[in-house]
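Q: Got a minute to walk through this model with me? I'd like to go over the charged pairs, then the cores and the sheet.

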Amino acid sequence: MQTISKGKIVSIHYTLRGDDGVVIDSSEGGTPLDYLHGAGNIVPGLEKGLDGHAVGEKLEVKVAPADGYGVHDPRGVQRVPRQAFPEDVDLEPGMQFGAEDPQGDSTTVWIVKVEDEQVVIDMNHPLAGKTLHFAISIAAVRDATKEEVAHGHPHGPHGHHHH
Ligand code: ZN
């Protein structure tokens with residue numbers, strides 16, 4: 001029986017809930033999520049929680065913010081002029097944009113609120129500061145190919161990849 005350890009390609013079905021029990025995201029009814037275990041493809045707390053478990057198991061994994069999408073840094077919330085965004089885009093809360101941080105590295109910002117002249121953005125991930133409650137069902141576990149290990153992520157069922 002295949003168990004989860006570093007270098008395995010793992011397929012999971014998951015349902016993610018917040019502290020309030022409301023579903024944030026789920027793979028149920030769709031295709032399972034494939035990831036390379038030990039490569040940081042998924043949040044660290046979930047990866048840790050799945051370690052050593054076997055195909056067919058169902059388990060609950062609770063992930064604290066620091067092991068999930070990080071604690072929420074209030075300095076990441078900023079007001080920027082509306083002109084900083086493309087004119088032809090209808091800005092809405094929840095939309096994400098690529099941006100550059102002060103060091104010139106590329107980062108992602110999320111729109112929190114749209115005002116007349118200004119837009120409130122958050123550089124924190126929308127799930128930062130949240131405790132994550134995952135209900136997991138382990139659908140498949142297999143050895144990664146050399147190519148997958150070298151790339152640090154799973155490839156498709158026929159060995160091809162899309163990048
Ligand atoms: Zn690849």
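Q: Which residue forms a salt bridge with Arg 79?
A: Glu 115 does, and the closest N and O atoms are 2.5 Å apart. Keep in mind that this is a predicted model.

Q: Where do those two sit in the chain?
A: Arg 79 lies in strand E5, residues 77-81. Glu 115 is in the loop between strand E7 (106-114) and strand E8 (118-122). They are 36 residues apart in sequence, so the pair ties together separate parts of the chain.

Q: How accessible are Arg 79 and Glu 115?
A: Arg 79 has a relative accessible area of 49%. It is partly exposed because exposed starts over 50%. Glu 115 is partly exposed too, at 24%.

Q: Which residues share a salt-bridge network with Arg 79?
A: Lys 113 and Glu 115. Shared partners join the three into one network.

Q: How many salt bridges in total?
A: Six.

Q: What does Asp 143 pair with?
A: Lys 8, in a salt bridge with an N to O distance of 2.6 Å. This pair links distant parts of the chain, 135 residues apart. Asp 143 is in strand E9 (residues 132-143), and Lys 8 is in strand E1 (residues 8-17).

Q: Is Lys 8 buried or exposed?
A: Buried, with 13% relative accessibility. The cut-off for buried is under 20%, so Lys 8 qualifies. Asp 143 is partly exposed at 48%.

Q: And what about Arg 142, which partner does its side chain meet in a salt bridge?
A: Glu 148, at 3.0 Å from N to O. Arg 142 is partly exposed, with a relative accessible area of 33%. Glu 148 is buried, at 2%.

Q: Changing topic. How is the protein divided into domains?
A: Domain 1 covers 8-69 + 128-151, and domain 2 covers 74-122. Their C-alpha centres lie 29 Å apart.

Q: Now the largest nonpolar core. Which residues touch the most other members?
A: Ile 12, Leu 46, Leu 50, Phe 134, Ile 136 and Ile 138. The core has 19 residues.

Q: Which elements give two or more residues to it?
A: E1, helix H1 (44-50), strand E4 (58-63) and E9. E9 gives the most, with five residues.

Q: Why would such side chains end up together?
A: Nonpolar side chains tend to be buried together in soluble globular proteins.

Q: Back to Ile 138. What is it in contact with, leaving aside neighbours within four places in sequence?
A: The contacts include Ile 4, Val 10, Ile 12, Leu 50 and Leu 59. Ser 11, His 53 and Glu 57 are also among them.

Q: What about a second core, which residues are in it?
A: Another core lies apart from the largest one and has eight residues. Among them are Val 80, Phe 85, Leu 91 and Phe 97.

Q: On to the sheet. What's the strand order?
A: E5-E8-E7-E6. These four strands form an open sheet with antiparallel pairing.

Q: Which are the edge strands?
A: E5 and strand E6 (96-100), each pairing on one side only. On average, neighbouring strands are turned by 45 degrees against each other, direction ignored.

Q: How many bridges do E6 and E7 pair over?
A: Five, in the antiparallel sense.

Q: Which residue in E7 is the bridge partner of Glu 100?
A: Ser 106.

Definitions and conventions
Residues are numbered from 1 along each chain as its sequence is written. This is a predicted model: local features need pLDDT of at least 70, side-chain atom pairs count only at pLDDT 80 or more; totals for chains, interfaces and linings use all residues. Side-chain values use heavy atoms; hydrogens and water are left out. A salt bridge is a side-chain nitrogen of Lys or Arg within 4 Å of a carboxyl oxygen of Asp or Glu. Buried means under 20% relative accessible area, exposed over 50%, partly exposed in between (1.4 Å probe, protein chains only). Domain bounds come from an automatic or database domain assignment. A nonpolar core is a set of buried Ala, Val, Leu, Ile, Met, Phe, Trp, Tyr and Cys residues joined through side-chain atoms within 4.5 Å. Contact means heavy atoms within 4.5 Å. Two strands pair if DSSP finds at least two bridges between them. Axes are lines fitted to C-alpha atoms, for helices over the stretch in contact, and angles run from 0 to 180 degrees between N-to-C directions.
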